[in-house]
Amino acid sequence: MSSVTPSDGARGGCPGCRDGAGLSFTFSMAFQPIVDADTETVFAYEALVRGPEGQSAQSVLSQVDSANLYAFDQQCRVRAIETSVKAGLLDTSARLSINFLPNAVYSPAACIQLTLKTAGAVGMPTDRLIFEFTENEEMLDPAHVANIIATYQKMGFGTALDDFGAGHAGLNLLARFQPDIIKLDMELIRDIDTSSPRRIIVEGMVRMCAALGIRVIAEGVETLGEYDALRALGVRYIQGYLLAKPAFEALPAVQWPVRQKRAV
């Protein structure tokens, strides 16, 4: 099990998010697999926020404001880890991908302490954790985000930039820092099998990321045509309804594409 030793200044965590105090609502998690199409195995499960009885993410996110943002971010990490372990993640080789809010992190070394405590309590190796943030969230301080990514990578966590190609910074953000993974926005993926511009753009992104040593995940894949087009472009990691819908507090089985054999 990978372990991280906090610096002296980070041992207590930060007062704004310690123990996730300050939330007046409850929530849980659903999980959706990210598959390795080369090996037909699950690379990771993304934790997706849901209401306490499986209600939509929006029903939860609508209750988040500036007063409880920090506590919410902390509790998302705790719920994701605890719920995934209860669902059986440790019985697999898959990693856990947790969404986080860069604007809710005071200090990356301090704000990670509750996460480390939770992982240790349930036996989750920290090198199986991936932290992903969305490009759609406006970066109030890109230098601060770069510091978070660098700190997490130094600690041995995976890092991922979600919704790449649809957010505030695009290539400028990628030039400033390089996460371990980028997740291509589903609008780039939609109908890629019939859209030459989308294929050209994604092909260029795949080549660029290969040169930078960054994994590419295509998300929002819904059809066999999209899946086949992405595979032809060299995309190895895929997420979407074609393979599995999110399951509430459970790890869903993957439905691998089945093709009818041609008649001889």
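Buried means under 20% relative accessible area.

**View 1. The whole protein, a predicted model.** By that cut-off, 51% of the 264 residues of the protein count as buried. The secondary structure comes to nine helices and nine strands. Of the contacts with a separation of 6 or more, 71% join residues 24 or more positions apart. The accessible surface is about 12300 Å². Carbon and sulfur atoms account for 50% of that surface.

**View 2. Helix 8 from end to end, residues 196-212.** Helix 8 has 17 residues. From first C-alpha to last, helix 8 reaches 24 Å. That is close to the 24 Å expected at 1.5 Å a residue.

**View 3. The two sides of helix 8.** V202, M205, V206 and C209 are buried. Seen down the helix axis, the buried residues fall within an arc of 100 degrees, so they line one face of helix 8. The face turned away from this buried side carries P197, I200, R207 and A211, which are exposed.

**View 4. The packing partners of helix 8.** The buried residues of helix 8 pack against three strands and two helices. The strands are strand 5 (158-164), strand 6 (181-184) and strand 7 (215-218). The helices are helix 7 (186-189) and helix 9 (224-232).

**View 5. The start of helix 8 and the residue just after it.** At the start, a side-chain oxygen of S195 reaches to within 3.3 Å of the backbone nitrogen of R198. Just after helix 8, G213 takes a positive phi of about 75 degrees.

Methods. Residues numbered from 1 in each chain as written. Predicted model: local features only at pLDDT ≥ 70, side-chain atom pairs only at ≥ 80, totals over all residues. Heavy atoms only, no water. Helix = DSSP H or I, 4+ residues; strand = E, 2+ residues; numbered from the N terminus. Expected span 1.5 Å × (residues − 1). Buried < 20%, exposed > 50% of the residue type's maximum accessible area, 1.4 Å probe, protein only. Arc of directions from axis to C-beta. Contact = heavy atoms within 4.5 Å. Polar contact = N/O pair within 3.5 Å; in protein donor to acceptor, adjacent residues only side chain to side chain. Areas by Shrake-Rupley, 256 points an atom, 1.4 Å probe, with all protein chains shown as cover.
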